Amino acid sequence: MSINSSQELLKGTLSTIILRLLEERGRMYGYELTQCVKELTGGKILLKEGSLYPALHKLEAEGYIVSESVFIGKRVRKYYTLTPVGASQTTQAVDDLLDFLNTIHHLITSQPLYGTT
């Protein structure tokens, strides 16, 4: 899979990935999320700041995550955690994504229906 095709496929799944990682690991900051995704996918999926932070801000605006700023020396690091609403949304989002992926898998691996008559 090329980096460009993985970026296109990632667009609709980024929020679910973020929610799932926060569910699993608790509190994380942006760079940590990018490195975690890179490590878990063997470098096949690379989150860019231009897509990660808008997704984090959207999830926060929707009430699914909250952020906390922590001073690390002179720098501020923003940690994100799930809210109770976000925790229940994570379960639903993961179920929806798995159902969608199964449907796509079935669609692209099934025998063609045309030309058999």
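In the predicted model, L21 is a residue of helix α2. With a relative accessibility of 8%, below the 20% limit for burial, L21 is classed as buried. Leaving aside residues up to four places away in sequence, L21 is in contact with G26, M28, L33, C36, V37 and L40. Among these partners, L33 also takes part in the contact between helices α3 and α4, on the α3 side. A further spatial relation links L21 to L82: the two residues are separated by 61 residues in sequence, whereas their C-alpha atoms lie 9.8 Å apart.

The protein chain that holds these elements contains 5 helices and 3 strands. Their order along the sequence is α-α-β-α-α-β-β-α. Of the 117 residues in the chain, 28% are buried. Among contacts with a sequence separation of 6 or more, 48% join residues 24 or more positions apart. The exposed surface of the protein chain amounts to about 8100 Å², and 57% of this area is supplied by carbon and sulfur atoms.

The packing of the helices was examined pair by pair. Two packed helices are described by the angle between their axes and by the distance between those axes. Helix α2, which spans residues 14–25, packs against helix α5, residues 84–109, at an angle of about 125° and with the axes 9 Å apart. An angle of this size lies outside the ranges for roughly parallel, roughly perpendicular and roughly antiparallel pairs, and α2 and α5 are therefore oblique to each other. The crossing of α2 past α5 is left-handed. On the α2 side, the contact is formed by T16, L19, R20 and E23; on the α5 side, the residues involved are A87, Q89, T90, T91, A93, V94 and L97. Sorted by class, the residues of this contact comprise 5 nonpolar, 4 polar and 2 charged.

T91, located in helix α5, has a relative accessibility of 42% and therefore counts as partly exposed, since this value falls between the 20% and 50% limits. T91 and T16 are 75 residues apart along the chain, and their C-alpha atoms are separated by 9.2 Å. Both residues belong to the contact between α2 and α5, T16 from α2 and T91 from α5.

Helix α2 also meets helix α4, which covers residues 49–61; the two axes come within 10 Å and cross at roughly 70°. Because this angle belongs to the 65 to 115 degree range, α2 and α4 are roughly perpendicular to each other. The α2 residues in this contact are L14, S15, I18 and L19, and their counterparts in α4 are S51, L52, A55, L56 and L59. By class, the contact of α2 with α4 includes 7 nonpolar and 2 polar residues, with no charged residue. L19 of α2 takes part in the contact with α4 and also in the contact with α5.

Helix α4 is further engaged by helix α3, residues 30–40, where the axes come within 11 Å and cross at roughly 120°. This arrangement makes α3 oblique to α4, and the crossing of the two helices is right-handed. The contact involves G30, Y31, L33 and T34 from α3, together with L52, Y53 and L56 from α4. Its residues divide into 5 nonpolar and 2 polar, with no charged residue. L52 and L56 of α4 contribute to this contact with α3 and are likewise found in the contact of α4 with α2.

E49 is also placed in helix α4. The relative accessibility of E49 is 59%, over the 50% limit, and E49 is therefore classed as exposed. The C-alpha atoms of E49 and G30 are separated by 8.1 Å, with their positions 19 residues apart along the chain counted as the sequence separation. G30 is itself one of the α3 residues that contact α4.

Key: Residues are numbered from 1 along each chain as its sequence is written. This is a predicted model: local features need pLDDT of at least 70, side-chain atom pairs count only at pLDDT 80 or more; totals for chains, interfaces and linings use all residues. Side-chain values use heavy atoms; hydrogens and water are left out. Helices (H or I, at least four residues) and strands (E, at least two) are DSSP runs, numbered from the N terminus. Buried means under 20% relative accessible area, exposed over 50%, partly exposed in between (1.4 Å probe, protein chains only). Contact means heavy atoms within 4.5 Å. Accessible areas come from the Shrake-Rupley method with a 1.4 Å probe; for residues, only the protein chains shown count as cover. Axes are lines fitted to C-alpha atoms, for helices over the stretch in contact, and angles run from 0 to 180 degrees between N-to-C directions. Angles under 35 degrees count as roughly parallel, over 145 as roughly antiparallel, 65 to 115 as roughly perpendicular and the rest as oblique. A crossing is left-handed if the near helix is turned anticlockwise from the far one by less than a right angle, and right-handed if clockwise. Ala, Val, Leu, Ile, Met, Phe, Trp, Tyr, Cys and Pro count as nonpolar, Asp, Glu, Lys and Arg as charged, and the others, Gly among them, as polar.
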